[in-house]
Amino acid sequence: MPELTAFYAPGSCSRATLICLEETGAPYKAQLVSFMQRENRTPEFLALNPKGKIPVLLVDGKPLTETVAIVDWLNSAFPDAGLMPPTGDAFAKAKALSDLAWASSALHALIARVRFPMMYTPLAEAHESVRAGAVAGLHDAYRIVEARLADSDWWHGTWSAQDAYLYWVWTRAAEAGFPGEQFAAYTAHNQRMGQRASVRAVLALEAEGDRNLAARGASISI
Ligand SMILES: N[C@@H](CCC(=O)N[C@@H](CS)C(=O)NCC(=O)O)C(=O)O
């Protein structure tokens, strides 16, 4: 069994990786990162991930970054966890990775613009239009998710890492005021996800992380 350490921050996209780790049932260590204290910019952290971002998964001490790659590796190491749809077909596997890449690049980028438009332009008067553009993009993306979930509990029919990522997106966007509840199937998906033991465990871990950060006066989320 490989030794696993996941670097995470409460509320951030590392939630998808943590949910997947929980779904594997493998023991792992969760390493809290304080963005406010710039723990993701220390030389030690940058040696693990020069991009200064989480998630990072240490596998026997070796760092792996990017959610898509982490999920792909976890799926290879723990094939029974169902992180990717079962297939012996290289094209079908590539399709599943394509869906996950869309979530972790396109959807993630829209969430970031909705939450932090000020990071994308120094012009205060342009913040609202950056946000509005991202909100429009999220509506388009949610229509795709809604159609996919109309007749299925899970993106691929059976639960997979894609559902973990979509759960983070819906929750994060709602926290930023995006009206996800207008999309009935996606909202029901979010509620189904909230009932999974893996998700409950991760939310409890993040709550503990939040308390830790608050005690340090370092509460901030990205
Ligand atoms: N493409 C990366 C995105 C990672 C990412 O943007 N992480 C954010 C949190 S959601 C982060 O670490 N931000 C800290 C920073 O940029 O300083 C992935 O899918 O893993």
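The following legends describe close-up views of a predicted model.

**View 1. Helix α4 and its surroundings.** Helix α4 runs over residues 90–115 and has 26 residues. At 1.5 Å a residue, a span of 38 Å is expected for α4, and the 36 Å between its end C-alpha atoms agrees with this value. A bend of about 30 degrees occurs in α4 at H108. Its buried residues are A96, D99, L100, A103, S104, L107, L110, I111, A112, V114 and R115. These buried residues pack against three helices, namely α3 (67–77), α5 (127–149) and α6 (161–175).

**View 2. The start of helix α4.** At this end of the helix, D89 and F91 are brought together by a polar approach. A side-chain oxygen of D89 comes to within 2.8 Å of the backbone nitrogen of F91.

**View 3. The aromatic pair F7 and F45.** Seven aromatic pairs are found in a search of the whole structure. In the pair formed by F7 and F45, the ring centres are 5.7 Å apart and the planes meet at 75 degrees, an edge-to-face arrangement. F7 belongs to strand β1 (residues 4–8) and F45 to helix α2 (residues 43–48), so the pair ties together parts of the chain that are 38 residues apart in sequence. Both F7 and F45 are buried.

**View 4. The aromatic pair Y165 and W168.** The ring centres of Y165 and W168 are 5.7 Å apart and their planes lie at 80 degrees, so this pair is edge-to-face. Both residues are in helix α6, and because they are three residues apart, about one helical turn separates them. In an α-helix there are 3.6 residues a turn, so residues three or four places apart point the same way. Y165 and W168 are both buried.

**View 5. An aromatic cluster.** Four aromatic residues, Y142, F178, F183 and Y186, are shown as one cluster.

**View 6. The cysteines C13 and C20.** The count of disulfides is zero. C20 takes part in no disulfide, and the nearest cysteine sulfur, that of C13, lies 12 Å away. A disulfide would require the two sulfur atoms to be within 2.5 Å, so C13 and C20 do not form one. C13 is buried, because its relative accessible area is 9%, and buried means under 20%. C20 likewise counts as buried, at 1% relative accessibility.

Definitions and conventions:
Residues numbered from 1 in each chain as written. Predicted model: local features only at pLDDT ≥ 70, side-chain atom pairs only at ≥ 80, totals over all residues. Heavy atoms only, no water. Buried < 20%, exposed > 50% of the residue type's maximum accessible area, 1.4 Å probe, protein only. Helix = DSSP H or I, 4+ residues; strand = E, 2+ residues; numbered from the N terminus. Expected span 1.5 Å × (residues − 1). Bend = angle between axes of the 7 residues up to and from the residue. Contact = heavy atoms within 4.5 Å. Polar contact = N/O pair within 3.5 Å; in protein donor to acceptor, adjacent residues only side chain to side chain. Phe/Tyr/Trp six-rings, centres within 6.5 Å; stacked < 30°, edge-to-face > 60°.
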